[in-house]
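Reader: I'd like a close look at one part of this model, namely its largest pocket. Start with what forms the lining, then show me the rest of the chain.

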Amino acid sequence: MDLTAALPTFFITLREGVEAALVVGIVLACLAKANRQSLNPWAYAGIAAGLAGSVMLGIALGLGLQQIQQVLPSLQTVIKPLLNVLFGAIAVIMLSWMLLWMTRQARSLKGEIEGTVRSALDEAQTAGWSVFSLVCIAVLREGFETVLFIFTNVETSVSAIAGAVGGLLGAVLIGLALFRWGLRINLKRFFQVMGVLLLLIVGGLVVSVFKNLDAALAAISQINPTADLCFAQSSCILGPLVWDGSIILPDRQFPGVVLKTLLGYRDHLYLLQIIAYLGFLALVGSRYFRSLTPSLPTTTPSPPP
């Protein structure tokens, strides 16, 4: 098994898992503070349901992909890259949105969850289901993003799943260290570092999306020559080849494979891929780094005496 291919899902699952662990830990702390530990099984059931739902989603996507390839084997060269484009685009959107949303909501996350739990405890008959749904949705949301990321590259799904399991175990350990063992962890610094890594990983995913889109359009043009969708010579829609590092820094050997995994490096990069990569980092990256700096409250000038 290629451990390098497991790195992206490890880091993504670790970060998303810690977010879910924070929600679970805050919920359990609220229940303990309210002396309602009898509702703890509902929180644990929510964790199990969220994990089971993520696994079922992954199985459903895998079976659906196999069915499509079996029903239309002659179009496999088109369907496979198109599915990678679909999954990759959804993963880019969701991971980018969650990166920005979590950064903005981090300062008020604890208060919002505590308020939700207190409101749930006021309703004695539905308190258990409210705690269950809150935890289940938090775990399922993070698991859904990881599953989508895994399915952006079917060839490395086994390694990706191993990375996801490792990231999940790491998130569980961090959650236990925070809420059970009382260790102090600089969560702000952790999320900042993991946020930069996630930003670079998703940037590499943008490069892969355009590569798969180019492969899909090239396959369509070969199957139906009358529908010529290619307008470039060295590629279909990616434009001219800008970088060829296959000799000096191949992306299938160390250290190129690590750069490919964590920074989006490719030994063949075309003009549109570079533009998309830099555009993504400029757009999402600038918003992410701005969100790290708390906005100063606006003061209204006092009226003249």
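**The largest pocket and its surroundings**

Author: Four helices, α1 (3-33), α2 (40-71), α4 (127-150) and α5 (157-179), each put at least two residues into the lining of the largest pocket. Keep in mind that this is a predicted model. Among those helices, α5 is the one to look at hardest: it gives the most to the lining, with 11 residues. The volume of this pocket comes to about 1,200 Å³.

If you want to find the middle of the pocket on screen, pick out Ile47, Leu51, Val139, Leu168 and Val172, which lie nearest its centre out of 39 lining residues. Going by the helix ranges, Ile47 and Leu51 sit on α2, Val139 on α4, and Leu168 and Val172 on α5. As for chemistry, the lining has 25 nonpolar residues, 11 polar ones and three charged ones.

Now step back to the chain as a whole. It has eight helices and two strands, and they run in the order α-α-α-α-α-α-β-α-β-α. Of its 305 residues, 44% count as buried. Among contacts with a separation of 6 or more, 77% join residues 24 or more positions apart.

The UniProt record, an unreviewed entry, marks several stretches as "transmembrane region", including 12-31, 43-65, 85-103 and 124-140. Two of them make a handy check against the model. Residues 85-103 are 100% helix, with 27 Å between the end C-alpha atoms. Residues 124-140 are 82% helix with no strand (0%), and there the end C-alpha atoms are 25 Å apart.

What about the packing? The largest nonpolar core also has 39 residues, and Leu14, Val18, Leu95, Phe190 and Phe280 touch the most other members. Two or more residues come from each of α1, α3 (76-122), α4, α5, α6 (187-223) and α8 (271-292). Here α6 has the largest share, with 10 residues. So α1, α4 and α5 turn up both in the pocket lining and in this core.

Phe280 is a good place to zoom in. Beyond its neighbours within four places in sequence, Phe280 is in contact with Val92, Ser96, Leu199, Val202, Gly203, Val206 and Gly285. Apart from that core lies another one, of 17 residues, with Ala20, Val23, Leu39 and Ala43 among its members.

Helix α3 shows you both a hidden spot and a more open one. Ala91, in α3, is buried because its relative accessible area is 1%, well below the 20% cut-off. The C-alpha of Ala91 is 8.5 Å from that of Leu205, although the two are 114 residues apart along the chain. Gly111, also in α3, counts as partly exposed because 45% falls between the 20% and 50% limits. Measuring C-alpha to C-alpha in the model, Gly111 and Ile26 are 9.4 Å apart, with their positions 85 residues apart in sequence.

Two turns in the backbone are worth a click as well. Asn35, in the loop between α1 and α2, has a positive phi of about 60° without being a glycine. Most residues other than glycine have a negative phi. Asn35 is exposed, because its relative accessible area of 60% is over the 50% cut-off.

The other one is Gly264, just after α7, with a positive phi of about 80°. Helix α7 itself covers residues 256-263, and within it Gly256, Val257, Thr261 and Leu262 are buried. An α-helix has 3.6 residues a turn, so residues three or four places apart point the same way.

Definitions and conventions. Residues are numbered from 1 along each chain as its sequence is written. This is a predicted model: local features need pLDDT of at least 70, side-chain atom pairs count only at pLDDT 80 or more; totals for chains, interfaces and linings use all residues. Side-chain values use heavy atoms; hydrogens and water are left out. UniProt positions are given in the numbering used here, feature names are shortened, and annotations may be inferred rather than shown by experiment. On a 1 Å grid over the protein atoms alone, a cavity is a set of points where a 1.4 Å probe fits but cannot get out, and a pocket is an open set with protein on both sides within 12 Å along at least five of seven lines; lining residues have an atom within 4 Å of a point. Grid points are joined across faces, edges and corners, and a volume is the space filled by probe spheres set on the points. Ala, Val, Leu, Ile, Met, Phe, Trp, Tyr, Cys and Pro count as nonpolar, Asp, Glu, Lys and Arg as charged, and the others, Gly among them, as polar. A nonpolar core is a set of buried Ala, Val, Leu, Ile, Met, Phe, Trp, Tyr and Cys residues joined through side-chain atoms within 4.5 Å. Buried means under 20% relative accessible area, exposed over 50%, partly exposed in between (1.4 Å probe, protein chains only). Contact means heavy atoms within 4.5 Å.
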